[in-house]
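Me: Please take a close look at one helix packing in this model, with its geometry, its contacts and any aromatic grouping that involves it.

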Amino acid sequence: MILIHTKYGRFTLKQAQSVQLDILVDLLNEAAAWIKTKGIDQWPSPMPAHWRDGIQHRLQNGRFFLLYDSQQTAVATIAIDWRSHYWPDDGQAGYVRRMAVCDALHGCGLGTAMLDWAKGFVEENGRVYLRLDCLASNSQLCHYYQAYGFQDCGLVEDRDYIGQKFQINLSQE
């Protein structure tokens, strides 16, 4: 359990358990629906079955984390993977996946707080880079990651997905 303090209050980050699959799916569906209201088709909503299976797999391998408010309500999530098929398997990075914040707390700094935690977590696990990708056409999200300190690492194309790759070199922090 990790305590995270923001100007909006104190939150607790905990490793998610398999029994929390529905909570995670609900958070991710809520995020996907919110993104769609902005005209961005980042994630499908409702979530397809194969995505749910992938989330279940990450849960079983301890790679999903949930952020709870003071009432112990799950308000955000982040997953960390140790490899990505969009990057070379160099064993030097942790990859942010499926980061989402509930609608009511957008703009409250929870995404930044989870990225701060992810940098430390990845570094504690002997990795040098924190990496992620997002929909390249989501210019607002790309700008958010660049403003946070991620460096643009080019595009990735996978069927109908064109993603923007980003990384932070943790040894230069």
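Reply: The crossing of helix 3 and helix 4 is right-handed (the near helix is turned clockwise from the far one by less than a right angle; anticlockwise would be left-handed). The model is predicted, with local features requiring pLDDT of at least 70 and side-chain atom pairs pLDDT 80 or more, while totals for chains, interfaces and linings use all residues. Residues are numbered from 1 along each chain as its sequence is written, and side-chain values use heavy atoms, without hydrogens and water.

Helix 3 spans residues 110–124 and helix 4 residues 139–148 (DSSP runs of H or I, at least four residues, numbered from the N terminus). Their axes come within 12 Å and cross at roughly 50 degrees (lines fitted to C-alpha atoms over the stretch in contact, with angles from 0 to 180 degrees between N-to-C directions). Helix 3 is therefore oblique to helix 4 (neither under 35, over 145, nor 65 to 115 degrees).

On the helix 3 side, Gly111, Thr112, Leu115, Asp116 and Lys119 meet Tyr144, Tyr145 and Tyr148 of helix 4 (heavy atoms within 4.5 Å). This contact comprises four nonpolar, two polar and two charged residues (Ala, Val, Leu, Ile, Met, Phe, Trp, Tyr, Cys and Pro are nonpolar, Asp, Glu, Lys and Arg charged, the others, including Gly, polar).

Tyr144, Tyr145 and Tyr148 also belong to one aromatic cluster with Phe150 and Phe166. The structure holds 10 aromatic pairs (ring centres of Phe, Tyr and Trp, the latter by its six-membered ring, within 6.5 Å; planes under 30 degrees apart are stacked, over 60 edge-to-face, the rest tilted).

Definitions and conventions: Helix = DSSP H or I, 4+ residues; strand = E, 2+ residues; numbered from the N terminus.
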